[in-house]
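Thank you all for making time this morning. I would like to walk you through one model, beginning at its surface and then moving to its interior.

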Amino acid sequence: MSQAPKNETVTISAIPPQKFSLVPKIVNGGIAGIIGVSCVFPLDLVKTRLQNQTVGPNGERMYTSMLDCFKKTYRAEGYFGMYRGSAVNILLITPEKAIKLAANDFFRHHLSTGHGKLPLGREMLAGGSAGLCQIIITTPMELLKIQMQDAGRVAAAAKLEGKTVPKVSATSLALELLRTKGIFGLYRGIGATMLRDVSFSIVYFPLFARLNSLGPRKNDGSGEAVFWCSFLSGCTAGSLAALCVNPFDVVKTRLQAISKVEVGPRYNGIMDAFVKTLKNEGPLAFFKGGACRMIVIAPLFGIAQTVYYLGVAEKLLGYQK
């Protein structure tokens with residue numbers, strides 16, 4: 001892939017013209033993922049619980065808003081309760097980000113028409129293909145994370161009914177799924193995860209490229225955008241793409257959430273979840289947790305952009321940026 005002209009933009013981690021270095025991408029992705037997850041995980045937990053709560057027969061809800069969910073979670077589970085499920089997320093975020101970044105660059109490299117040009121259709125194909133690759137890691141990570149995040153809500157609902165639910169850990173959940181359903185138990189909801197991640201990547205990467213191309217360039221002749229432009233482009237594209245695919249995220253969350261002691265509907269696949277959610281709660285239910293998800297995704301991608309801009313991995317490992 002030849003060097004992109006000044007008005008052309010590549011993705012979060014642009015590849016050099018004649019060298020594809022995987023190691024820095026893995027390190028950068030890991031650093032970005034760990035920092036990002038640590039910063040925004042409480043918001044992600046709130047998003048999961050808002051998306052998965054159902055409306056009672058008289059319109060009653062456990063949580064009335066983001067702030068209400070924060071207050072009730074903190075009161076019931078304390079500060080560390082806000083990070084329930086974060087360990088598995090931090091553990092698996094490194095390979096997930098590495099696959100996403102490296103795969104997107106790989107597909108852009110091979111889909112380029114020459115002279116650094118990449119038509120919109122091929123940009124969307126490259127992004128969607130990267131999203132498809134990452135679900136190998138994303139699905140079990142999201143499954144375990146969501147079940148851990150939602151455990152507090154399930155326990156609270158059970159307590160109101162005079163029931164008790166034993167505490168669970170990510171390890172016990174994973175072992176139970178492996179024992180009862182085999183390796184495929186860890187991939188429950190893979191169809192919904194694929195639908196969300198592929199569509200997100202199709203929207204995000206081209207949108208980021210277009211926004212980033214509008215800003216001022218560096219003075220070093222590289223043709224790259226200045227830091228603040230890339231940072232804001234990543235935040236904006238990430239939040240808008242997250243809102244666009246929020247209906248898929250709601251369905252995925254409900255398919256992967258804990259079902260014990262629940263009085264709400266059971267879902268038998270993507271279409272069944274869509275139909276029952278629309279019938280029981282209306283179209284606005286598909287945008288539950290949308291604001292939280294936008295707030296979560298924006299800094300995650302902004303941080304990833306920052307890590308790449310600073311060249312953390314290149315400096316640590318002695319690679320030429």
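**From surface to interior**

Leucine 175 sits in helix H5, residues 170-181, where helices are DSSP runs (H or I) of at least four residues, numbered from the N terminus. Please keep in mind that this is a predicted model, in which local features need pLDDT of at least 70 and side-chain atom pairs count only at pLDDT 80 or more, while totals for chains, interfaces and linings use all residues. Residues are numbered from 1 along each chain as its sequence is written, and side-chain values use heavy atoms, with hydrogens and water left out.

Is leucine 175 buried or exposed? Leucine 175 is exposed, because its relative accessible area is 54% and exposed means over 50%, buried under 20%, and partly exposed in between, with a 1.4 Å probe and protein chains only. Arginine 108, in helix H3, is by contrast buried, with a relative accessible area of 4%. From C-alpha to C-alpha, arginine 108 lies 7.7 Å from arginine 122, and the two are 14 residues apart in sequence.

Turning to the interior, there are two cavities of 30 Å³ or more, a cavity being a set of points on a 1 Å grid, over the protein atoms alone, where a 1.4 Å probe fits but cannot get out. The largest holds about 360 Å³ of space, a volume being the space filled by probe spheres set on the points, which are joined across faces, edges and corners. Its lining comprises 24 residues, with Glu96, Glu142, Arg196, Ile297 and Leu300 nearest the centre, and lining residues have an atom within 4 Å of a point.

Methods. On a 1 Å grid over the protein atoms alone, a cavity is a set of points where a 1.4 Å probe fits but cannot get out, and a pocket is an open set with protein on both sides within 12 Å along at least five of seven lines; lining residues have an atom within 4 Å of a point. Helices (H or I, at least four residues) and strands (E, at least two) are DSSP runs, numbered from the N terminus.
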